[in-house]
Amino acid sequence: MAHRTLADKVPAAPARRGPCSWVPMTAMMSVMTLSTAFTKLFGVRHPVALAPMGGSAGGALAAAVSQGGGLGLLGATKGDPEWLAREVPVVRQGTDRPWGIGLWTWAIDVAAVERALECQPRAVLLSFGDPSPFTERIRRAGATLILQVTDMTEARQAVDLGADVIVAQGTESGGHGARHGRSTLPFVPAVVDLAAPTPVLAAGGIADGRGLAAALALGAEGALIGTRFQATAEALVDPSITTAIVEGRGQDTERNRVLDIARGASWPSRYTARTLGHRYLDRWRGREAELAADRQAQRDYQDDVARGEVPPLPVWAGEAVDLITDLPPAADLVTALAAQAEDALTRVTRAGKG
Ligand SMILES: Cc1cc2nc3c(=O)[nH]c(=O)nc-3n(C[C@H](O)[C@H](O)[C@H](O)COP(=O)(O)O)c2cc1C
């Protein structure tokens, strides 16, 4: 990816200097009152959940989000015991407020769910795959069951399985999601209508309070946010990834399977990932089957990683990456998101009366 400066990314108009700059500081300091079914369910202050980003949503980030008044979710992927043993004490030490654990449904077994439940999370979030073998066990343990869905079939199943909260993930989102995804704007209200009265969180393309306000206007009870939280002080990411996120543009993101195949990841083909541009993506776009059969190409990828010629991991980023221009502490970000959302909703209400 060509090096870009913030000037390339951020329009000159003062109202768009950065994700927080369009809200007066005084508004950010005031007490926010965006009370929803989600905030009531968890007893949290703001309708914001941290996406359980594999690897990057560790204990420090989850704790910071919960301390900031949102719901922090650990990105525990397959429920690796060593990862949980390292990160769960960090979240426990960092907050006495509710937090949870996210797992990849396609990659786990009941034992992984048991390991997660032993950590006594307030919530377990399952994404990507058939959650039915695990939901009853989670409910029996008394944890709140959150299911992330990427299409209407998954949404229907989540309702039938009695999810306490459903996350409707639009295709703008960073990281993995449906190969044939739906856009957040029409998908969220469709899930809200299907799932009522189950609370729905919107996910995908939300990186500031205007997006959070839009999610609430669509009937969601809050937002689950990933990419924005990668550029925070507590995220477990390499500085090169933070830089790529801060400099990246939505138009540089692309949903693809190429990078999963090249790095030998065993994601099901129905879930692709939105990433920033990458040399291997340009080389193999549209030739996924050929790449999958080409062992030498996969070895070349590993060699290029070893030589430092390609980054160890793709940069997973959603379309809202344009809005990310700074690296705040995550707790401050949660407060700012809520303040910006309240400000946006107030502006809309005033405009309606004018
Ligand atoms: C770096 C990254 C890693 C992610 N890893 C996971 C994961 O391990 N499990 C999961 O359920 N979702 C994961 N997601 C998807 C999020 O749950 C969420 O749907 C997405 O971040 C929302 O879109 P946004 O990035 O535009 O906020 C990941 C997203 C990103 C950006």
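Reader: How do you know what helix α9 (residues 184–195) should span?

Author: The expected span is 1.5 Å times one less than the number of residues. Helix α9 has twelve residues, so it should span 16 Å; its end C-alpha atoms are 16 Å apart, which agrees. Helices are DSSP runs of H or I, at least four residues, and strands are E runs of at least two, numbered from the N terminus. This is a predicted model: local features need pLDDT of at least 70, side-chain atom pairs count only at pLDDT 80 or more, and totals for chains, interfaces and linings use all residues. Residues are numbered from 1 along each chain as its sequence is written.

Reader: Why are the buried residues of α9 said to line one face?

Author: They are T184, F187, V188, V191, V192 and A195. Seen down the axis, they fall within an arc of 135°, so they line one face of the helix. The arc is that of the directions from the helix axis to the C-beta atoms. On the other side of α9, P186 and D193 are exposed.

Reader: What do the buried residues of α9 pack against?

Author: They pack against β5 (144–149), α8 (152–160), β6 (165–169), β8 (200–203) and α10 (209–217). Contact requires C-beta atoms, placed from the backbone, within 7 Å.

Reader: What makes F128 buried and Q120 partly exposed?

Author: Buried takes 20 or more other C-beta atoms within 10 Å of the residue's own; exposed takes 12 or fewer; partly exposed lies in between, with C-beta atoms placed from the backbone. F128 has 23, so it is buried. Q120 has 13, so it is partly exposed. Phi is positive in Q120, near 55°, and in F128, about 70°. Neither is a glycine. Q120 lies in the loop between α6 (110–118) and β4 (123–127); F128 is in the loop between β4 and α7 (135–140).

Reader: Why is the chain called as compact as a globular protein of its length?

Author: The chain has 17 helices and eleven strands. Its radius of gyration is 19 Å, close to the 20 Å of the globule rule for 354 residues, so it is as compact as a globular protein of that length. The radius is taken over C-alpha atoms; the rule is 2.2 Å times the number of residues to the power 0.38.

Reader: Which residues come nearest the ligand?

Author: Of the 29 around it, S173, G174, G175, G226 and G318 come nearest. A residue counts as near if its C-beta atom, placed from the backbone, lies within 6 Å.

Terms used: Two residues are in contact if their C-beta atoms, placed from the backbone, lie within 7 Å.
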